[in-house]
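Reader: I am new to this structure. Please take me through its empty spaces and its charged contacts, and give reasons.

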Amino acid sequence: MEEKLVLVSGYGVPGEDDIALYGIAGERAVKRFGLYHGRAPSFCCKGDDGVVYAASERADGADITAYDIWEEGLRAIRTLEVPGRGLCHLCAHEGVVFGCCFESGHYFAVNAALTRVLWQFCPDGARAHWSHIAGGALFLADLENSCLYRFVLSGGLPQGEPQIFHQPEGSGPRQILTLEGGRLASVNELDGTVRILTEDGGVRAAVQASDVPEPRNWPGGACLDERGMLYVCNRGPNTLSAWRYSGEILTPVWEIPTGDWPRHVAALPGTGLVLAACTRGGEVCGYAAGKDSPREVFRLPLAGASCVLPL
């Protein structure tokens, strides 16, 4: 059975691994490599050339480190200091790496070689959380101002001023995904919803991400699998919910308990597995979710787990 490689990262504790590689074959996971990055590598993404970029979510600034994947694990290539504080999300696209700094409100772009800053944008009062490329445009989620920004891309970089897609006040957009047919899904931290949006930001539908009434839900993230199923991890209720999207409607399929404070979720292609990084629980919970009756198959320990990246 082919082994799939998964990277997990998190806020960590001093001296212990805060980035680890796991090999997953079937429903069995084995740790292959670990390292201490330091500086809270809360999010990682993979570039077009296979390089892994780790975001350091620092209170005193922000930096990105590029890692090469080789036979023995990960090897640091270069680190670049970037604008802002509280860097919490990265997105690599065609030789450009976009980043979002929650604490300072900076959005920025750097080149893939991590030698220079190419672009930055910092709206008043922003809580920058997510960048997403769709239809030749860059979409940015601003949690504090309850809006999305849309920039036209040219040469891989944003051009001019953004279109601003205002969302309901207090909704707190956290993450953006593209659904089948080109619609956007916005996962909203502050009002606990998932909204289906048109390409110009209009709301077509909205659902509560969790059916659990108490405690309050702050959705931590979402992903799509190969079937187009939408998975949302719900902080507060500490659940993972699954939704089927069709005809601009989100239909609930199931909702199950998961670890403490699920911050990020990813589907592992070709396996039917979905993995949720649970920050307060210090673990990544893996589920066989290919059918309508999911079940837990493993838990991978990592202090302050916050990101799962299939490689």
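Author: The turns below deal with salt bridges, burial, a cavity and a pocket. The model is a predicted one.

Reader: Why is the contact between Asp60 and Arg58 called a salt bridge?

Author: Their side chains meet at 2.9 Å, N to O. The cut-off is 4 Å between a side-chain nitrogen of Lys or Arg and a carboxyl oxygen of Asp or Glu, so the pair counts.

Reader: What makes Asp60 exposed or buried?

Author: Asp60 has 62% relative accessibility. Exposed means over 50%, so Asp60 is exposed.

Reader: And why is Arg58 called buried?

Author: Arg58 has 15% relative accessibility. Buried means under 20%, so Arg58 qualifies.

Reader: Which residue is Glu81 bridged to?

Author: Glu81 forms a salt bridge with Arg58, and the closest N and O atoms are 3.1 Å apart. Arg58 sits in the loop between β5 and β6, while Glu81 is in strand β7. The two residues are 23 residues apart, and the pair links distant parts of the chain.

Reader: Why is Glu81 called partly exposed?

Author: Glu81 has 48% relative accessibility. Partly exposed lies between the 20% and 50% cut-offs, so the label fits.

Reader: How do you know that Glu189 and Arg174 form a salt bridge?

Author: Their closest N and O atoms are 2.7 Å apart. The limit is 4 Å, so this pair counts as well. Glu189 lies in the loop between β17 and β18 and Arg174 in strand β16, so the pair ties together parts that are 15 residues apart in sequence.

Reader: What are the relative accessibilities of Glu189 and Arg174?

Author: Glu189 has 12%, and Arg174 has 5%. Both values are under 20%, so both residues are buried.

Reader: Which residues do shared salt-bridge partners join into one network?

Author: Arg39, Arg58, Asp60, Asp63 and Glu81. The whole structure has 18 salt bridges.

Reader: What makes a space a cavity?

Author: A 1.4 Å probe fits there but cannot get out. The structure holds 1 cavity of 30 Å³ or more. The largest cavity has a volume of about 40 Å³. Arg174 is one of its lining residues, and Phe43 and Trp130 are among the others. By class, the lining has 3 nonpolar, 5 polar and 2 charged residues.

Reader: How much space lies in the largest pocket?

Author: About 820 Å³. The pocket is lined by 38 residues, and those nearest its centre include Cys223 and Pro310. β24 gives the largest share of the lining, 5 residues.

Technical notes:
Residues are numbered from 1 along each chain as its sequence is written. This is a predicted model: local features need pLDDT of at least 70, side-chain atom pairs count only at pLDDT 80 or more; totals for chains, interfaces and linings use all residues. Side-chain values use heavy atoms; hydrogens and water are left out. On a 1 Å grid over the protein atoms alone, a cavity is a set of points where a 1.4 Å probe fits but cannot get out, and a pocket is an open set with protein on both sides within 12 Å along at least five of seven lines; lining residues have an atom within 4 Å of a point. Grid points are joined across faces, edges and corners, and a volume is the space filled by probe spheres set on the points. Ala, Val, Leu, Ile, Met, Phe, Trp, Tyr, Cys and Pro count as nonpolar, Asp, Glu, Lys and Arg as charged, and the others, Gly among them, as polar. Helices (H or I, at least four residues) and strands (E, at least two) are DSSP runs, numbered from the N terminus. Buried means under 20% relative accessible area, exposed over 50%, partly exposed in between (1.4 Å probe, protein chains only).
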